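Subject: Structure handover

Hello,

Here is the structure I promised to pass on. Please open it first, then read my notes below.

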Amino acid sequence: MLGIHGSAGRAVVATLSVGALLACGGGGEGDPVTPPPPPPPVQATTLVVAGGNDQQATAGLAVTTAPGVRAVSATNTGVAGVVVTFTIESGGGSLQFSQATTGQDGVASAGQWTLGAVPGENTIRASANGLAPVTIRAIGMAAPLVGADTTIAVGGGSVEINQPGKPGDGMRVTIPSSAFAASVHVTIDVDTGRTLTLPAGVSIAGPVYRISGFPEHAADGFLTIRLPVTKPFSTVVAAFLRDPTTGRLELLPAQSRTATEYTVVARHLSPAMLLRPSGTAFRRVGAPALSLAGQTLELLTLEAIEARIASGAESGFRPGVDDWEFENRGSYISQGGHCAGQSLSAIWYYLRRKSIDGPLHGRLSTIPGFDPDNRDGYRFASVVQESLDWNAMERAFLVVTGTGFATSVPRDKLHFTASVLSMIVTGEPQLITLQNQTGGHAVVAFRADANHLYIADPNYPGQTRVIDFDGTTYTPFPAETVRGAQTSLYDIIRGVGITTLVPLGTVDALWPQVMSSTIGDQAFPALRYEYYDLLNDAWANLPGSLVTRQDQLRVRSICGACTQGMPVAPGTTPPDWVEWLSAHDAGGNVVGDSWQPAGQTTDGTTFPLASGAQKIGLFTQADSEDAIWVFLDWTWLDVTSVPFTIEPADAKVAPGIPAPFVARPYGVRPAVARYVWDFSDGTAPVTVLDDSTVQHSFAASGLRTVSVELWDHAAAKRLARAVTSVEVGDSITTWIFDELKGTVPPWSPVDVSTANDWTKQGLFFAAIQTAPATGRLDYNEPPGHPERGRIRLVVSPSPTTFSSLLMATRDTVCSHIGVLNFTGTTTNGSLIGRGRINSCLIGPTPGTPVLASRFEIEGTAVGRHLTGTIRAVYQDFSKAGSKHIPTASMTVTYTFKAHRP
């Protein structure tokens, strides 16, 4: 064979070989197989930074991590063999390699990067043929001065920079006794060459202090930080902590400012305590220092002219979007309110969760415009309030920023300008505390202009409120400690920062509990719900889902621990806590309520059930003389009712006259039904087969209970039980008052609000005699009150007219008994009447004041429930001899709820 060379020759040889085999009958089947062509090489489409970006190092020295890039394909696979060129763009310095080829992982490195000798930003441009270039940055810092290096004992002390003539001289951190559990070794370096990209009109005032060695949080007291500042007072200054891992700034609350120094306070100087926002919820100021993460915290002072502050600031936080939708009314564990818990948790959510989960307002609520159903949000706010120990911190903060510290710039101006400057540089909402001599409040400032802070107030969710500032002083702000409390003016208004005083980062651990509905389980007392099972004539545990043959349900809450561990001021009586249980339909409307002493038995709350499936919300509150509305729990109950009822319900019958009763077994009934009737009047039960109607006559007047049981006669199995009440008599209706509320303002000259404690409870009368009497109106006083009874309005003697007498005494204030006579009419379920009580406060001598009152009652009955109003006109007289001269009057409207037993 001739020698054939090259690829063409090899192809010929292969063809000849195949042909020879076929000619020899080699048994091959089909055509010859041609191997597939090799896949095309993977192409790089993008360059990305692989490492070494956003570092910091001393100018003239090398950074810790070598800069590098990665060439990737459209499927994000590393591409080998790409030639990358590295070029220094700014800052000077040098690179180990100006060109490198990507390896199998697609990475090419420039090797050691030595920064330029001048402090400032350094950049490298990495490029490859046909690909978009990328930039790698680093910050060259001036060689820091070792300002201070010392050990602080448990007994406290200070660390101070004492280097006359050098930057930072006089900077001092003072640590109180017992702030930390063990001695700490701390260092403070002074960086004089730092440059940061800041919003227009804002610049660094002085050096950046790099602080390390401080524990996470001061156990007791405040750290005070004195910063040397010699700027004119027309220049606004504020101090900030800077997170070296993110570049985020956070305000340090001001204490005072003089011509030579600016003093601020904090509870920590640790980067681990700073909040790390997610998404784009924060504004980065300068590049992060990855090499310093978790070790060093930076502290700096920023300055701005007053015109920049007057131009205003904006955070993006908005009421109705980023605040909670429920009002601050306090809870079992935060009986004085949880305004700080609401404000802090709203700020936390805005920075940590909004970019992930969306707006906070209404996120956990199921009924728009109805507060109690947001159980997890309400408990979350309370737990944040208490776990962060806000109340104690706020009181101590008032002392440490109070009048005992001399300041040349008015404190209001210090705090207003610092809060505005913080919003300008961070773009974040700010926590504001309001204080006066009686208490405190906390709100969120989200926007500002020259003379106003725009705030989200937890007492007014979804609304924008405004704190006025006249350029020097805040205008005292009208607010309530809790919603519905008396409004007072708060004249001490301070910017608090976000985590510098409270460990807000710990809230991260609480959010999973919110999502699992276990938040507050360890702080709030455990509740147990029971329902009255008519079938077994006994109370039973209430499941989350219930199928019943009843047309109404009676439920109670059991809380044996609700009176334990309540805070009691020295020399005062423990609050008389009770549970108030109300039932609500799917729209939040009340369908039944009742109260009971905590841990004691009760008749429970009874509410009607519609036929079929429905949702019922159960709302349990704790009630005391000091906190009327105190949240305990909310839970949803799924109920399916296939009712078994008696007609007529709540009947009125005359004695001695047979009255018909019909059992209505809606749904499937047995093939042979047995009805067993009991009339609770001493007669024997009546058993009827397959006939749901009976007649019965009652011998004597009074209130009777009629019940019937439905049995499967063949299987001898009881299926259902129904109960109703019957009034036997001359058409007499008795209404039991369950709730009577109103607010009586202070009144002069006879201050009935003080004499009768009406402002606390909204009571109709402060003390009513309790002996039962026909035609009496008795008021149910709080437990423990010496005059305690129950309101009973007896409507008689016919269906269209009624009258009742009230015999009243007023403890030691009254010198004789007053008599109230009610007369009126009823028409189609309505109740209308008028009454008058005279001279409960008549004194023994001429000139003693006299109180006369007129009352008008209106109500509407639906079934066994009556709701309405009582309009009371209190007329004050001065008694002169036999004459009564009117001196003052006051009109108050009370609302009431009642039911027929």
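Val-444 has Ala-456 of strand S26 as its bridge partner. This is a predicted model, so please read everything here in that light. Strand S26 spans residues 452-456, and four of its five residues are buried. S26 has a paired strand in S25 (residues 440-449), antiparallel, with five bridges between the two. Just two residues separate S25 from S26, and the pair forms a hairpin. S26 also pairs with strand S27 (residues 464-468), again antiparallel and with five bridges. There, Leu-453 has Ile-467 of S27 as its bridge partner.

Now the chain as a whole. The protein chain has 901 residues, and 51% of them are buried. It holds 10 helices and 55 strands. Take the contacts between residues at least 6 apart in sequence: 64% of them join residues at least 24 apart.

Next, the cavities. There are three of 30 Å³ or more. The largest holds about 70 Å³ of space. Which residues line the largest cavity? Val-444 and Ala-456 are among them. The others are Phe-317, Asp-323, Trp-324, Gln-342, Ser-343, Ala-346, Asp-457, Pro-458 and Pro-461. By class, that lining has seven nonpolar, two polar and two charged residues. Helix H3 (residues 339-352) provides the largest share of the lining, with three residues.

On to the nonpolar cores. The largest has 71 residues. Which of its members touch the most other members? They are Phe-214, Tyr-262, Leu-269, Leu-302, Leu-421 and Leu-453. Helix H7 (residues 411-426) gives the most to this core, namely eight residues. A second core is separate and has 55 residues, including Val-265, Phe-317, Trp-324 and Leu-344. Phe-317 and Trp-324 also line the largest cavity.

Leu-269 deserves a look of its own. Leaving out residues up to four places away in sequence, Leu-269 touches Val-173, Ile-211, Phe-214, Leu-223, Ile-225, Leu-241, Leu-297 and Leu-299.

Then there is Gly-377. You will find Gly-377 in helix H5 (residues 375-387). Is Gly-377 buried or exposed? Gly-377 counts as buried, because its relative accessibility is 0%. Leaving out residues up to four places away in sequence, Gly-377 touches Trp-324, Phe-326 and Leu-364. Gly-377 and Met-515 are 138 residues apart along the chain, and 9.8 Å separates their C-alpha atoms.

Last, strand S37, which covers residues 605-608. In a regular strand, side chains alternate between the two faces of the sheet. The side chains of S37 alternate along the strand. Thr-605 and Phe-607 point to one face and are buried. Thr-606 and Pro-608 point to the other face and are not buried. S37 pairs with strand S34 (residues 552-558) in the antiparallel sense, over four bridges. Within that topic, Val-555 has Thr-605 of S37 as its bridge partner.

Best wishes

Terms used: Residues are numbered from 1 along each chain as its sequence is written. This is a predicted model: local features need pLDDT of at least 70, side-chain atom pairs count only at pLDDT 80 or more; totals for chains, interfaces and linings use all residues. Side-chain values use heavy atoms; hydrogens and water are left out. Buried means under 20% relative accessible area, exposed over 50%, partly exposed in between (1.4 Å probe, protein chains only). Two strands pair if DSSP finds at least two bridges between them. A nonpolar core is a set of buried Ala, Val, Leu, Ile, Met, Phe, Trp, Tyr and Cys residues joined through side-chain atoms within 4.5 Å. Contact means heavy atoms within 4.5 Å. On a 1 Å grid over the protein atoms alone, a cavity is a set of points where a 1.4 Å probe fits but cannot get out, and a pocket is an open set with protein on both sides within 12 Å along at least five of seven lines; lining residues have an atom within 4 Å of a point. Grid points are joined across faces, edges and corners, and a volume is the space filled by probe spheres set on the points. Ala, Val, Leu, Ile, Met, Phe, Trp, Tyr, Cys and Pro count as nonpolar, Asp, Glu, Lys and Arg as charged, and the others, Gly among them, as polar.
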